[in-house]
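Reader: Hello! Could you take me through one part in detail, namely how side chains link up with one another here? I would also like to know how covered or open the partners are.

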Amino acid sequence: LEPRMTMLLCLYKNEVLLLTSAEDLDCTPGFQQKVFHINQPAEFIEDQSILNLTFSDCKGNDKPRYEVSSPYFKVNSDGGLVALRNITAVGKTLFVHARTPHAEDMAELVIVGGRDIQGSLQDIFKFARTSPVPRQKRSIVVSPILIPENQRQPFPRDVGKVVDSDRPERSKFRLTGKGVDQEPKGIFRINENTGSVSVTRTLDREVIAVYQLFVETTDVNGKTLEGPVPLEVIVIDQNDNRPIFREGPYIGHVMEGSPTGTTVMRMTAFDADDPATDNALLRYNIRQQTPDKPSPNMFYIDPEKGDIVTVVSPALLDRETLENPKYELIIEAQDMAGLDVGLTGTATATIMIDDKNDHSPKFTKKEFQATVEEGAVGVIVNLTVEDKDDPTTGAWRAAYTIINGNPGQSFEIHTNPQTNEGMLSVVKPLDYEISAFHTLLIKVENEDPLVPDVSYGPSSTATVHITVLDVNEGPVFYPDPMMVTRQENISVGSVLLTVNATDPDSLQHQTIRYSVYKDPAGWLNINPINGTVDTTAVLDRESPFVDNSVYTALFLAIDSGNPPATGTGTLLITLEDVNDNAPFIYPTVAEVCDDAKNLSVVILGASDKDLHPNTDPFKFEIHKQAVPDKVWKISKINNTHALVSLLQNLNKANYNLPIMVTDSGKPPMTNITDLRVQVCSCRNSKVDCNAAGALRFSLPSLLLLSLFSLACK
């Protein structure tokens, strides 16, 4: 080596690791001794000095800061290494990092006789290789470089050196890999002549923990002479990330009365630092509980797992006696295994004490009173209950049942969902004269079943006494409707029936008077005292007030109460048909051409307002009076129609032909109607009836009209 260079080496598993180098100046910044050997004692004693580390920044050591790779040790400002607590094993190697605004360095502490535990060099710095350090002979000597993250200015700074004992003259070192000529570029560089490796900026282990670089030597033309040889740069973790709770909100539920030690929920935090070091070794604790009653320590959190469990007795975990069934816990996660030097993060855990049905509903009174008017329906009383359970659950909601006193199903009970009251209703009108009092036995239960050690008691049943109030009820007709059958046209004054109405208020002994309420045709009269109904006019089945042979009238029955009550009765009179309507013909006008070859004049139809057998078959005839024979002819088509025709052509004129039609009633009824026949002049498809004073109907049109009438019949 050159006379002004000092090599700073450390020994790890019989391998020489190049940590750093500096020129041999009058003052060398950094630790004055790079490697220390400490025999593993039976126990490191808390605050007892272990050794002194000498560090100088050649500028007066302005407030040096020390960091130890193990959380169990610290370095005082004077360089003294002490244990933070009594400890028996710390591993095989410790690293101490020191820095001031002017210098920064690292020293290695080798624990002679120490055994591998978490925190060893292999674990802390992830000293993993795909293959061992090559042992074959070569001139390039490369050792891993260890660099703490978060270093401060100045940059660039030397962090290691590559040595080539057989390097030819004018050859150069070349450094490649991610962090040099690959993204992220420019983080590391090498002095091509001396082999010194430097870093140009601050490193972040949480971004990249290990850089895999390659060193080779080249000639002046850039041709590789030896290599490439792997160079591993390991970023040493610093505790620069706080634990973070990332999965909130955290809400847990526990049933009231749960046994001590019941797990409520798990809280876990994340630390971005190296999980193989204590920088990410978390411990949990409860910082605050709100509210703090009935105990300030209602819950416990497992410091390693983060499980929150109950620690109070089941009796204290009673939702009905708690001021608030919701607890909020401030949970703290601290790295460095919970030591005071660790960083912390907090989150809020909300724990709900869930209700179980451990209280049965109880009526506020043993007996309830209600009154209701007879004939009325609806809610008559609200039954109130008390239940200490959670009003938002089925453990509080009440269900009511009538268990006695309701054989006629006149009563129903439903739950008011807002108040939990039982709404007792009358659904079938009550009759004071049948029963003036009713007594119901009602029980109340919860929607959810009770817990096994709780049962429904006497307070879960109540008696309801109901008083029915007498009301002056209107008289009732019997039967209703009343029905009679009579022939139409019976004589005026004929008695149809005597109506019968009774007063439901049998205990009041009231009198009843009758009157006509609705009599559309004005045919009826009723005796106000005895209810006898007789006729005041002829009953006519063919009247427009009669529907399908039935005439409807309404009567009133009025009692003598104060105020009077009224009942309404319906009378249906079925009217039997009498042959009291003569048939009539249609049409009554026809026309025919004076030179018609077809001498048919018109098809006549007949109709009768009466019913069968007082209607068809009809008999059609030409009335013989004043009508010449051998001119007109009438022929039967069916029971309701006949054909009128000519026996010879007639001159243009108007003719009146008397048609007599007779129905089939007993005795039959006959009607004679003049059929006006217009004989018209029909020339060149023109019909002229003017001279005859006739209507402008052609014979075919008239025949078509007659056939249409026949079809309608």
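**Charged pairs and cysteine links**

Author: Arg174 counts as partly exposed, because its relative accessibility is 30% (buried is under 20% relative accessible area, exposed over 50%, partly exposed in between, with a 1.4 Å probe and protein chains only). Before we follow its side chain, please note that this is a predicted model, in which local features need pLDDT of at least 70, side-chain atom pairs count only at pLDDT 80 or more, and totals for chains, interfaces and linings use all residues. Residues are numbered from 1 along each chain as its sequence is written, and side-chain values use heavy atoms, without hydrogens and water.

The partner of Arg174 is Glu216: their side chains form a salt bridge, N to O 2.9 Å (a Lys or Arg side-chain nitrogen within 4 Å of an Asp or Glu carboxyl oxygen). Because Arg174 belongs to strand β16 (residues 172–177) and Glu216 to strand β19 (residues 210–218), this pair ties together parts 42 residues apart in sequence; strands (E, at least two residues) and helices (H or I, at least four) are DSSP runs, numbered from the N terminus. Glu216 has a relative accessible area of 8%, so Glu216 is buried. The structure has 18 salt bridges by this rule.

Another of them joins Glu445 to Lys443, whose closest N and O atoms are 3.9 Å apart. Here both partners are partly open to solvent-sized probing: Glu445 is partly exposed, with a relative accessible area of 30%, and Lys443 is partly exposed too, with 27%.

Asp594 and Arg683 make a further salt bridge, with 3.4 Å from N to O. This one also links distant parts of the chain, as Asp594 sits in the loop between β47 and β48 (600–607) while Arg683 is in strand β53, 89 residues away. Asp594 is buried at 16% relative accessible area, whereas Arg683, at 43%, is partly exposed. Elsewhere, Arg205, Glu206 and Asp237 are joined into one network by salt bridges that share partners.

Now to the cysteines. The structure contains two disulfides (pairs of cysteine sulfur atoms within 2.5 Å). In one, Cys593 is bonded to Cys682, with the sulfur atoms 1.9 Å apart. The two ends come from distant parts of the chain, since Cys593 is in strand β47 (residues 589–593) and Cys682 in strand β53 (residues 670–683), 89 residues apart. The S-S torsion of Cys593 and Cys682 is about -85°, so this disulfide is left-handed. Cys593 counts as buried at 14% relative accessibility, and Cys682 is buried with a relative accessible area of 16%. β53 therefore holds Cys682 as well as Arg683 of the salt bridge with Asp594.

The other link runs from Cys680 to Cys689, with S to S at 1.7 Å. The angle about its S-S bond is 105°, and the link is right-handed. Cys680 and Cys689 are both buried.

For the wider setting, the protein has 54 strands and two helices, and 45% of its 713 residues count as buried. Strand β7 (residues 65–68) shows how side chains sort themselves by face: Tyr66 and Val68 point one way and are buried, while Arg65 and Glu67 point the other way and are not buried. β7 runs antiparallel to strand β10 (residues 93–99), and four bridges join the two. Across that pairing, Val68 of β7 faces Val96 in β10.

Methods
Pairing = 2+ DSSP bridges.
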